[in-house]
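User: Please take a close look at the largest pocket, and set it against the rest of the fold for someone who works at the bench.

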Amino acid sequence: MGRTKTTGRSALDIYLSALRDHLSIESKAIETALSELPVCEQYPGLCQRMEQDLAMSRSHAREITILLSRHGHPAPVPHETVSSILSTVSGLLHGGEEHDVLKNVLAASGYRAHQITSLQVLVVLARQLGFAQDAAALECLKDEETASAEALEGLMPEIVSQYMAAA
């Protein structure tokens, strides 16, 4: 017999929690991009992609913040500046020797898939709650993430070639 999880949380609570979770995902993507950018300079295509993804993640974080505030729940105070400074300093202090570009690109691909799935869940929740405007905005974010994932996938042959040439 299957077990059903029952809680006192409403569908709206679940949706708002998922929005906050996705905001955390975007914040982590921003932090990661800021710490990795100084290390990827010898990979121009990857560096350009990361800069575009950083701008996209910042835009997505703003959009999620707007959605949260639309429902009367302000987003947590952003800590991007402090985190990005710490990450950048940490990356510079380590001199990049701990940064394996191939591992990081594979991790980024997996993380991107997580972001897309998170957005798919949010779209479904928004639709079920009757938040058509939210669903449309979230669908746009999902489409942008999907395009970014495809662009990164298209860069893989170039990244691997550059990686092997530098080895």
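Analyst:
**The largest pocket and its surroundings**

Glutamate 51 has a relative accessible area of 45% and therefore counts as partly exposed, a class that lies between buried (under 20%) and exposed (over 50%), judged with a 1.4 Å probe on protein chains only. The model is a predicted one, in which local features need pLDDT of at least 70 and side-chain atom pairs count only at pLDDT 80 or more, while totals for chains, interfaces and linings use all residues. Residues are numbered from 1 along each chain as its sequence is written, and side-chain values use heavy atoms, with hydrogens and water left out.

Glutamate 51 belongs to helix H2, and its C-alpha atom is separated by 7.6 Å from that of leucine 37, which is 14 residues away along the chain. The protein as a whole has five helices and zero strands, where a helix is a DSSP run (H or I) of at least four residues and a strand one (E) of at least two, numbered from the N terminus.

The largest pocket holds about 430 Å³ of space; a pocket here is an open set of 1 Å grid points where a 1.4 Å probe fits, with protein on both sides within 12 Å along at least five of seven lines, and a lining residue has an atom within 4 Å of a point. Of its 23 lining residues, Thr32, Glu36, Met50, Asn104 and Ala108 are the closest to the centre. Helices H1 (11-36), H2 (44-70) and H4 (101-128) are the elements that each give two or more residues to this lining, and H4, with eight residues, makes the largest contribution. Sorted by class, the lining comprises 13 nonpolar, five polar and five charged residues.

Two serines show how the setting of a residue can vary within these helices. Serine 24, in helix H1, counts as partly exposed because its relative accessibility is 45%, and its C-alpha atom is 8.6 Å from that of alanine 61, 37 residues away along the chain. Serine 148, in helix H5, has 2% relative accessibility and so counts as buried. Setting aside residues up to four places away in sequence, serine 148 touches Arg49, Asp53, Met56 and Arg112, a contact being heavy atoms within 4.5 Å.

As for the interior, the largest nonpolar core has 33 residues, and those with the most contacts inside it are Tyr15, Leu19, Leu46, Ile64, Leu138 and Ile159. Helices H1, H2, H4 and H5 (132-166) each supply at least two residues of this core. Leucine 138, when its neighbours within four places in sequence are left aside, is in contact with Tyr15, Leu19, Ile64, Leu67, Leu119, Leu122, Val123 and Ala126.

For the whole chain of 167 residues, 38% count as buried. Among contacts between residues at least 6 apart in sequence, 81% join residues at least 24 apart. The protein exposes about 9700 Å², of which carbon and sulfur atoms supply 59%.

Key: Grid points are joined across faces, edges and corners, and a volume is the space filled by probe spheres set on the points. Ala, Val, Leu, Ile, Met, Phe, Trp, Tyr, Cys and Pro count as nonpolar, Asp, Glu, Lys and Arg as charged, and the others, Gly among them, as polar. Accessible areas come from the Shrake-Rupley method with a 1.4 Å probe; for residues, only the protein chains shown count as cover. A nonpolar core is a set of buried Ala, Val, Leu, Ile, Met, Phe, Trp, Tyr and Cys residues joined through side-chain atoms within 4.5 Å.
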